[in-house]
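Thanks, everyone, for making the time this morning. I would like to take you through one ligand site, and I will try to keep to what the coordinates themselves can support.

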Amino acid sequence: MNEPINKIAVLTSGGDAPGMNAAIRAVVRACTYYRVDCIGVYRGYQGLIEGDFKELSARHVSNIINKGGTILKSARSKDFMTEEGRAKAYENLKKEGIGALVIIGGDGTFTGGLKFIQEYNFPIIGIPGTIDNDIYGTDRTIGYDTALNTVVEVIDKIRDTASSHNRLFFIEVMGRDAGFIALNTGIGAGAEEILIPEKDLGLDRLVESLKTSKEKGKTSSIVVVSEGDKIGKNVFELGDHIKEIFPDYDIRVSVLGHMQRGGSPSCSDRVLASRLGVAAVEYLLDRSSGVMVGITNNQVTTVGLNKAIKMNNDIDKELLKVAEITSV
Ligand code: F6P
């Protein structure tokens, strides 16, 4: 028979995302509600290996729902990729009497969790926390909405200066290999072109499109470039290349970088994180393991961690069409 779960641990791993604190808070408070002890693990899997644990009560997570980053800190642990590292982590969990684990993160986090379940049959539930929105089995990941709003705000500001100087701006946004941030912020900020890895626009088409924009009387342009775009050049080389073709263009490049990961989470991310944090604890207490909790059609759902990692979310073709039509 399964041993009762009296203690649940929670960790954040991989790139931080706004809303992770709201998820931690929800996990801790759900544990309190269901009369289970909660342990915070610092620095992700590295903290699991080093036994960097702290008991968290409902009051320890007061006033964090509005904070970006993660109070538990995050890391990408190389040691957890080794058998010895995972053995040490298991030993620490057992020593502490921890019966289950909530992991908040993205692809890498879930890959580590899955390996751990396969080796030790330890109960784990994943919560998708990444600005990239590149996790299968949820309509949105925690942090994505906030990142979209941050990026749109910045592009709006860049547009002010772009139009004042009649400039062409290439703006690189994050997303790793996924173009969700680029596509949605590109539409939201009214970009003339959006370059994403899922759709190879090709340099020739970009050049054509910029020519057409000029012919139509556009005096400034914004091109949003996803960092994973496969046009074959990085954004600075792309800017140089376009400058060679259009020597009279005044071109600037902006790489938005890590500012996209910071800031106070949006209400939507806070609510999503709260719902998924509570659900993760409930599923663990119901003896589920090896799944990620997500939101599909505004309902909490679960998907196997293996699927969440391996399958891709498709880019919405309707959004591609809207981007094309609204940039004429
Ligand atoms: O996965 C989140 C993310 O911000 C990606 O968009 C980006 O490619 C990567 O992390 C950057 O990683 P790091 O913070 O290690 O530079």
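Where does the ligand sit? In this model, which I should stress is a predicted one, the ligand sits in the largest pocket. Around the ligand we find Arg-76, Thr-130, Asp-132, Met-174, Gly-175, Arg-176, Glu-227, His-258 and Arg-261, and, sorted by class, this shell has five charged, three polar and one nonpolar residue. Domain 1, which is assigned as 7–143 + 265–310, and domain 2, assigned as 145–261, both contribute residues to that shell, so the ligand lies between them.

Turning to individual contacts, the side chain of Asp-132 has an N or O atom 2.7 Å from an oxygen atom of the ligand, while a polar side-chain atom of Arg-261 is 2.8 Å from a ligand oxygen. For His-258, the distance between a side-chain N or O atom and an oxygen of the ligand is 2.9 Å. As for coverage, the ligand on its own has 400 Å² of accessible area, of which the protein covers 75%.

Finally, a word on annotation: the unreviewed UniProt entry carries a "binding site" feature that covers Gly-15, Arg-76, Ser-77, Gly-106, Asp-107, Gly-108 and Thr-109. These residues are spread over 95 residues of sequence, yet they cluster in space, with a largest C-alpha distance of 13.5 Å. The lining of the largest pocket includes Gly-15, Arg-76, Ser-77, Gly-106, Asp-107, Gly-108 and Thr-109, and Arg-76 also belongs to the residues that surround the ligand.

Technical notes:
Residues numbered from 1 in each chain as written. Predicted model: local features only at pLDDT ≥ 70, side-chain atom pairs only at ≥ 80, totals over all residues. Heavy atoms only, no water. Near = heavy atom within 4 Å. Polar contact = N/O pair within 3.5 Å; in protein donor to acceptor, adjacent residues only side chain to side chain. Areas by Shrake-Rupley, 256 points an atom, 1.4 Å probe, with all protein chains shown as cover. 1 Å grid on protein atoms, 1.4 Å probe; cavity = no way out; pocket = protein on both sides within 12 Å on 5 of 7 lines; lining within 4 Å. Sits in = over half its atoms within 2 Å of the grid points. Nonpolar A, V, L, I, M, F, W, Y, C, P; charged D, E, K, R; others polar. Domains from an automatic or database assignment. UniProt positions renumbered as here; feature names shortened; annotations may be inferred.
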